[in-house]
Amino acid sequence: MADAGMLRFHVPEPEVRPGGTPDFSNVTIPKAGSVPRPEIDVDPRTIRDMAFSIIRVLNRAGEAVGPWAGLLSDQELLEGLRHMMTLRTFDARMQMAQRQGKTSFYMQHLGEEAVSCAFRKALQPGDMNFPTYRQAGLLIADGYPMVSMMNQIYSNEADPLKGRQLPVMYSSKEHGFFSISGNLATQYIQAVGWAMASAISNDSRIAAAWIGDGSTAESDFHAALVFASTYKAPVVLNVVNNQWAISTFQGIARGGSGTFAARGLGFGIPSLRVDGNDYLAVHAVAKWAVERARRNLGPTMVEYVTYRVGAHSTSDDPSAYRPKAESDAWPLGDPVIRLKNHLIHNGVWSEDRHTQAEAEILETVIAAQKEAESHGTLHAGGKPSTRDMFEGVYAEMPPHLRRQRQQAGV
Amino acid sequence: MPRKTMIEAIRDALDVSMGRDSQVIVYGEDVGFFGGVFRATQGLQAKYGKSRCFDAPISESGIVGSAIGMAAYGLRPCVEVQFADYVYPAYDQIVSEAARLRYRSNGDFTCPIVVRMPTGGGIFGGQTHSQSPEALFTHVSGLKVIVPSNPHDAKGLLIAAIEDPDPVIFLEPKRLYNGPFDGHHDKPVTPWSKHELGEVADGHYTIALGKAAIRRSGSAVTVLAYGTMVYVAQAAAEETGIDAEVLDLRTLLPLDLDTIVNSVKKTGRCVVVHEATLTSGFGAELVSLVQENCFYHLEAPVARVAGWDTPYPHAQEWDYFPGPARVGRALIETLEA
């Protein structure tokens, strides 16, 4: 046998680091409208190539083209635009509030607004999301009060979660939004369990699991795929690939696999990739996957190809690990601008109306913020009581906690 | 009254619970068609169908994680982890998710799950089939932890656990499945059919969580025990002739502190025993509580008898296991102190 030489250890690296010129030439972007739309009861084996392509609807001219277009009316798209703009404005205000010391922490969605805003509109009341910390569009697009979100972020006296959770870890059963843990990937298998329960109960509600590119490396992701595949659970398995897991580029979690969507193929799960910055494409693919789940056809994996324009959180500085202008070079553009251009192309929107809407939304968000701040911020004004700290660990407080509460003097 | 083994009592509890409440779902590795490696779920799939009792992939985090999702939906899953030694892949789901869901969501979502698992040694199971990880769960806010010691309790406590609104860790001392093993491994075990605690009433009954039982009344020393060690402690008392009061804690969290304190104040002495390793074991918590609450009644230091701080060995099983001789020595030393 020939001498194979010394073994070499391989660590993947992103194309470019700070100081370099952003380069996404390795990201193949299919033309809008070029990926076919199969029937929802398609044999998964015949659409394996969809895990390696990108479904897109909006082209550079702002037109909606191809087989995935035409599901939403102009009115619905205008509403979608408003949701994304609201989320962006909400984020900007809360980011600033954190910098002003009104809360400890914040996580924004900049560049990823289409994913959660458009997905929500594909669900029915009663369906349940198991979100990560970057899907607040699910709440905004479902009409959850911004004041409640802000009360949670400020951990103030009106915080629906009584100050127990880190900012942005919302919970709203009523709005189909499972309590965010803050631990990664754990909720993915829980979503599958919820979906299994719905099937066991002969219900019609479905679940949506959410995870980021980095967290797909967790074992719970693989457990979720096994369970979803084995029991054909009515669940949509969403992977938001925003290219960066804090400072770690997506190649570290993806490894030698071509795409994250391709992870689903080994489990026999139909797996699609979609342009995550294209509101129409996200909605159309979500609708397809939700319909499959609802018709008892089992799970679908969807990878949203997008880009995290902002920092991971207020505790992060991306300039230390990626070129500053990288987001400008991202080939799939900005979701708000793309939908705006499409609506202008459709003749139902204009630059002036957009500017006016921005001002109106800012006013609404500021009004909500004022109301929330009247209930306190993290270090000032009304806050949850020390007594609240001891409540809710169990349905009924056990003796040892009662004794500790007495010791605490509350 | 019919007498049952502990496995039969557990199966009975599952059967009664599934019969009363269609929300109760039972699954785990080998749990469905076969009925579990210890046969605790035998016949349940045939009786209640594959939607209510089924086999799971070998993925403990998947089993517990999916159960949390089911509980959030509104079902009451009672899942089996084949051995407590295998629970660690599910530890994150139990600690970070199940235990905190009610708290972190302010009751918006709750997690009424039961995670059953055989615990403890004495079966030549080596380091991967003998561990007693109860302290890893009693340390977690939001969990309840039960260790039954006999068929009657196992049924009543398991039904109570399934009906409890919060997540419960149900540790089944597997050496007790067939009889009240007292640590004398060289002698045959009395079968539950010949023991009064093998009497298991038909139908539904519960035993309240957080209530200890006095298994042997005495005035010289209190022994705090649970699971298999309840019988080891009783054997040690008989064999040393020491008038020990043996408490079976039954539920470790919430703990029946009143019964413990009343007994120790009466006897003035206390020995804490468990199979699990000594350092940071649940015994450390018990000793602290005893000294905090009974200090001026104590006539001797509180002693601990536990597994040595080594991994659970194979060939040296009976050198490791804290049997009646070691417990007996601790009783004598505590009385002589």
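Helix H5 of chain A and helix H3 of chain B lie oblique to each other in this predicted model, since an angle of about 55° between them falls outside the ranges that count as roughly parallel (under 35 degrees), roughly perpendicular (65 to 115) or roughly antiparallel (over 145). The axes of H5(A), residues 186-200, and H3(B) are 6 Å apart, and the crossing of the two helices is right-handed. On the side of H5(A), the contact is made by A:Thr186, A:Ile189, A:Gln190, A:Ala191, A:Val192, A:Gly193, A:Trp194, A:Met196, A:Ala197 and A:Ser198, while H3(B) brings B:Ser61, B:Gly62, B:Gly65, B:Ser66, B:Ala67, B:Ile68, B:Gly69, B:Met70, B:Ala72 and B:Tyr73. Sorted by class, the residues of this contact comprise 11 nonpolar and 9 polar, with no charged residue among them.

**The contact between the chains**

The helix pair can be set against the contact between the two chains, to which chain B gives 37 residues and chain A gives 36 residues. On the chain B side, helix H3 (60-73), helix H4 (91-98) and helix H5 (101-104) each provide at least two residues, and the largest share, 10 residues, belongs to H3(B). The class count for the side of chain B that touches chain A is 16 nonpolar, 15 polar and 6 charged residues; charged residues are thus present on that side, whereas the contact of H5(A) with H3(B) has none.

**Chain B: overall form and domains**

Chain B has 12 helices and 12 strands. Its radius of gyration is 19 Å, close to the 20 Å that the globule rule gives for 337 residues, so chain B is as compact as a globular protein of that length. Along the principal axes, the C-alpha atoms of chain B fill a box of roughly 60 × 45 × 40 Å.

The chain is divided into domain 1 (6-198) and domain 2 (213-336), and the C-alpha centres of these two domains of chain B lie 25 Å apart. Their contact draws 30 residues from domain 1 of chain B and 29 residues from domain 2 of chain B. Within domain 1 of chain B, the elements that give two or more residues to the side touching domain 2 are helix H6 (134-138), strand E5 (144-146) and helix H7 (151-163). By class, that side of domain 1 holds 12 nonpolar, 13 polar and 5 charged residues.

**Helix packing within each chain**

In chain A, helix H1 (residues 74-99) packs against helix H11 (residues 351-373) at an angle of about 50°, with 9 Å between their axes, which makes H1(A) oblique to H11(A). The crossing is right-handed. Here A:Arg82, A:Met85, A:Thr86, A:Thr89, A:Phe90 and A:Arg93 of H1(A) meet A:Ala357, A:Glu358, A:Ile361, A:Leu362, A:Val365 and A:Gln369 of H11(A), a contact with 6 nonpolar, 3 polar and 3 charged residues.

In chain B, helix H9 (residues 257-267) and helix H10 (residues 282-294) pack at an angle of about 65°, their axes being 10 Å apart, and this crossing is also right-handed. From H9(B), the residues B:Leu257, B:Ile260, B:Val261, B:Val264 and B:Lys265 meet B:Leu289, B:Val290, B:Asn293 and B:Cys294 of H10(B); the contact has 7 nonpolar, 1 polar and 1 charged residues.

The three pairs are set out together below.

| Helix pair | Angle | Distance between axes |
|---|---|---|
| H5(A) and H3(B) | about 55° | 6 Å |
| H1(A) and H11(A) | about 50° | 9 Å |
| H9(B) and H10(B) | about 65° | 10 Å |

**Domains of chain A**

For chain A, the domain assignment gives domain 1 (44-310 + 327-379) and domain 2 (386-410), and the centres of these domains of chain A, taken over C-alpha atoms, are separated by 37 Å.

**Backbone details in chain B**

Most residues other than glycine have a negative phi, and most peptide bonds are trans. Against that background, two places in chain B deserve a note. A cis peptide bond, with omega about -5°, joins B:Leu253 and B:Pro254, and B:Pro254 sits in the loop between strand E10 (251-253) and H9 of chain B. B:Asp30, although not a glycine, has a positive phi of about 65°, and B:Asp30 belongs to the loop between strand E1 (24-28) and helix H2 (44-48) of chain B.

Methods
Residues are numbered from 1 along each chain as its sequence is written. Chains are lettered from A and ligands numbered from 1 in the order in which they are written. This is a predicted model: local features need pLDDT of at least 70, side-chain atom pairs count only at pLDDT 80 or more; totals for chains, interfaces and linings use all residues. Domain bounds come from an automatic or database domain assignment. Two residues are in contact if their C-beta atoms, placed from the backbone, lie within 7 Å. Helices (H or I, at least four residues) and strands (E, at least two) are DSSP runs, numbered from the N terminus. Ala, Val, Leu, Ile, Met, Phe, Trp, Tyr, Cys and Pro count as nonpolar, Asp, Glu, Lys and Arg as charged, and the others, Gly among them, as polar. Axes are lines fitted to C-alpha atoms, for helices over the stretch in contact, and angles run from 0 to 180 degrees between N-to-C directions. A crossing is left-handed if the near helix is turned anticlockwise from the far one by less than a right angle, and right-handed if clockwise. The radius of gyration is taken over C-alpha atoms; the globule rule is 2.2 Å times the number of residues to the power 0.38.
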